[in-house]
Amino acid sequence: MAAIDTAPLENSLGFLALGAYILTLMPTNLRIIFPQTKQANLPKWLLKYRRLIGILAFCLALLHGFLLVKKRDLDFLDPNTYWIYIQGVSTFIIFTLLAITSNDWSVKRLKKNWKRLHTLAYLAMFLLTWHVWDKMLEHWSYLTPIGLVGIVTTTLLFLMRCWIEHRNKQQKAKGKVFSSQIPEKITL
């Protein structure tokens with residue numbers, strides 16, 4: 001039987017960053033998959049403070065990365081370092097872009113590109129799933145299964161949301177086609 005380690009500080013910070021990140025994704029997923037939650041207080045509160053929670057996720061990820069770099073004495077001039085930590089580095093770059101542009105000024109300046117940029121949050125979801133699985137596979141702590149269940153559940157909810165949005169778009173398009181085939185005025 002494999003032993004379960006206690007989580008060191010850097011992993012605990014990574015777990016907290018993951019939790020904060022998951023909270024930023026919850027409101028939209030809940031609103032589309034479970035429309036009855038639109039009136040609930042938790043999704044409203046999460047939506048209201050989503051930017052702050054996202055910046056908190058970035059700060060926690062920054063501390064997580066800083067402590068790991070310091071502990072493992074990583075050599076950033078060695079290309080293997082980037083290959084080994086590609087998921088974590090990629091996710092951190094995405095988190096940095098999202099944190100820098102999480103303000104009203106960026107929304108106004110970037111306009112529709114702001115929304116496109118922030119869709120990177122969904123790419124980060126897949127990268128984080130890979131990151132947690134790859135890095136924690138042989139170092140299970142009591143936080144690992146909780147983190148994996150959280151990010152995998154969030155990913156499944158996101159995929160379900162995409163399917164619902166796609167289905168609704170198709171039904172809307174069929175409705176337009178059907179209504180355009182009906183003559184506006186029937187003369188007798």
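A helix, as named in these legends, is a DSSP run (H or I) of at least four residues, and helices are numbered from the N terminus. The views are taken from a predicted model.

**Figure 1. A salt bridge within helix H9, between Arg161 and Glu165.** The closest N and O atoms of Arg161 and Glu165 are 3.4 Å apart. Because the two residues are four positions apart in helix H9, about one helical turn separates them. The partners differ in their cover: Arg161 is buried, with a relative accessible area of 8%, whereas Glu165 is partly exposed at 31%. These classes follow because buried means under 20% relative accessible area, exposed means over 50%, and partly exposed lies in between. This pair belongs to a total of four salt bridges found in a search of the whole structure.

**Figure 2. A salt bridge between Asp104 and Arg51.** The side chains of Asp104 and Arg51 meet with an N to O distance of 2.8 Å. The pair links distant parts of the chain, since Asp104 lies in helix H6 (residues 104-110) and Arg51 in helix H3, 53 residues apart. Arg51 counts as partly exposed, with a relative accessibility of 33%.

**Figure 3. A salt bridge between Asp134 and Lys135.** In this pair, the closest N and O atoms are 2.8 Å apart. Asp134 has a relative accessibility of 36% and therefore counts as partly exposed.

**Figure 4. The largest nonpolar core.** This core contains 28 residues. Leu18, Tyr21, Leu25, Phe95, Met125, Leu128 and Ile151 are the members that touch the most others. Two or more residues are given to the core by each of helix H1 (9-33), helix H3 (50-72), helix H5 (86-100), H8 and H9. The largest share, eight residues, comes from H8. In soluble globular proteins, nonpolar side chains tend to be buried together.

**Figure 5. The contacts of Phe95.** With neighbours within four places in sequence left aside, Phe95 is in contact with Tyr21, Ala57, Phe58, Ala61, Ala124 and Leu128. Two of these partners, Tyr21 and Leu128, are listed together with Phe95 among the core residues that touch the most other members.

**Figure 6. A nonpolar surface patch made by Phe126, Val152, Leu156 and Leu159.** The area of the patch is about 340 Å². Helix H9 (residues 144-181) supplies the largest share, three residues. Phe126, by contrast, is placed in helix H8 (residues 120-136). The relative accessibility of Phe126 is 37%, so this residue counts as partly exposed. That value satisfies the patch criterion, because a patch residue must have over 30% relative accessible area.

**Figure 7. Positive phi at Asp73, in the loop between H3 and helix H4 (79-84).** Asp73 is not a glycine, yet its phi is positive, at about 50 degrees. Most residues other than glycine have a negative phi. With a relative accessible area of 66%, Asp73 is exposed.

**Figure 8. Positive phi at Lys111, in the loop between H6 and helix H7 (112-118).** Lys111, also a residue other than glycine, has a positive phi near 50 degrees. Lys111 is exposed, with a relative accessible area of 62%.

Definitions and conventions:
Residues numbered from 1 in each chain as written. Predicted model: local features only at pLDDT ≥ 70, side-chain atom pairs only at ≥ 80, totals over all residues. Heavy atoms only, no water. Patch = residues over 30% accessible without salt bridge, like charges linked within 9 Å, V, L, I, M, F, W, Y side chains within 5 Å. Areas by Shrake-Rupley, 256 points an atom, 1.4 Å probe, with all protein chains shown as cover. Buried < 20%, exposed > 50% of the residue type's maximum accessible area, 1.4 Å probe, protein only. Core = buried A, V, L, I, M, F, W, Y, C linked by side-chain atoms within 4.5 Å. Contact = heavy atoms within 4.5 Å.
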